[in-house]
Amino acid sequence: MIKTIPLIITNLEQDGFHPLVKCKLKKKTIWLVVDTGASRTVIDLESLNDFSPFESEHIEPFAAGINAQQFAVKRYILPNISFSGIKFKNMEVFGSNLSELSKLYEQLAGMPIHGLLGCDFLVKHKVVLNFKTKELLFKVKTD
């Protein structure tokens, strides 16, 4: 069965666009940039304050952006997260302080973001980004 998640295309500046998806994390609504260049899904720590990080002996900081700036991360396993009512269980994400990025994004696009939906999710679920229909498309197993 094919499922779809709506994309919101934000205009950052002249001819600069980002696709966003809305998701629910417990009772919070958060916005994630669909980022095919991000190897992992990263969510702001403030959005993850209802969850406990998954203890791990050693997690390397991520390199981010063109200048390869590193930032500290914590690993989380989210029991439930949903996109447009489509629920995903035990999704691995990384938490980091993205408050400065969110402020910058709010200045440019008029809305805050809470993280990046990375290639780990996109590849795992074989997601197709359809900019014509403004949707993420993927197959789900039916029971």
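**Figure 1. Asp44, a buried acid without a salt bridge.** Asp44 is buried yet forms no salt bridge, and Lys28, the nearest side chain of opposite charge, is 8.4 Å away. Buried means under 20% relative accessible area, exposed means over 50%, and partly exposed lies in between, with a 1.4 Å probe and protein chains only. A salt bridge requires a side-chain nitrogen of Lys or Arg within 4 Å of a carboxyl oxygen of Asp or Glu. For charge, Lys and Arg count as positive and Asp and Glu as negative, while His and the chain ends are not counted. The model is predicted: local features need pLDDT of at least 70, side-chain atom pairs count only at pLDDT 80 or more, and totals for chains, interfaces and linings use all residues. Residues are numbered from 1 along each chain as its sequence is written, and side-chain values use heavy atoms, with hydrogens and water left out.

Asp44 belongs to strand β5 (residues 42-44). Helices (H or I, at least four residues) and strands (E, at least two) are DSSP runs numbered from the N terminus. The Asp44 side chain comes to 2.5 Å from the backbone nitrogen of Leu98. Such a polar contact is a pair of N or O atoms within 3.5 Å; within protein, one must be able to donate a hydrogen and the other to accept it, and residues adjacent in sequence count only if both atoms are side-chain atoms. With neighbours within four places in sequence left aside, Asp44 is in contact (heavy atoms within 4.5 Å) with Ser96, Asn97, Leu98, Ser99 and His114.

**Figure 2. Leu98 in the loop between β9 and α1.** The loop that holds Leu98 is followed by helix α1 (99-109). Leu98 counts as buried, at 11% relative accessibility. Leaving aside neighbours within four places in sequence, its contacts are Val42, Ile43, Asp44, His114 and Gly115. Val42 and Leu98 are 56 residues apart in sequence, and their C-alpha atoms are 8.9 Å apart in space.

**Figure 3. The cluster of Phe83, Phe88, Phe121 and Phe138.** Ring pairs link these four residues. Rings of Phe, Tyr and Trp (its six-membered ring) pair if their centres lie within 6.5 Å; planes under 30 degrees apart count as stacked, over 60 as edge-to-face and the rest as tilted. The count by this rule is four aromatic pairs. Phe83 and Phe88 form an edge-to-face pair, 5.7 Å centre to centre with 75° between the planes. Phe83 is buried at a relative accessible area of 0%, and Phe88 is also counted as buried, at 8%. Phe88 and Phe138 form a tilted pair, with 5.8 Å between centres and 40° between planes. This pair links distant parts of the chain, since Phe88 is in strand β9 (residues 86-96) and Phe138 in strand β12 (residues 135-139), 50 residues apart. Phe138 is buried, with a relative accessible area of 3%.

**Figure 4. Lys26 over the ring of Phe51.** The charged end of Lys26 is 5.4 Å from the centre of the Phe51 ring. A charge sits over a ring if NZ of Lys or CZ of Arg is within 6 Å of the ring centre and within 35 degrees of the ring normal.

**Figure 5. Salt bridges of Glu92 with Arg40 and Arg75.** The structure holds three salt bridges. In the one between Glu92 and Arg40, the closest N and O atoms are 3.0 Å apart. That pair links distant parts of the chain: Glu92 lies in strand β9 and Arg40 in the loop between β4 (28-34) and β5, 52 residues apart. Glu92 is partly exposed at 24% relative accessibility, as is Arg40 at 32%. Arg75 also bridges to Glu92, with 2.3 Å between the closest N and O atoms. Arg75 lies in strand β8 (residues 74-83) and Glu92 in strand β9, so this pair ties together parts 17 residues apart in sequence. Arg75 is partly exposed, with a relative accessible area of 21%.

**Figure 6. The salt bridge between Lys103 and Glu100.** The side chains of Lys103 and Glu100 meet at 3.6 Å, N to O. Both residues are in helix α1, three residues apart, and are therefore separated by about one helical turn. Glu100 is exposed, with a relative accessible area of 55%. Arg40, Arg75 and Glu92 are joined into one network by salt bridges that share partners.
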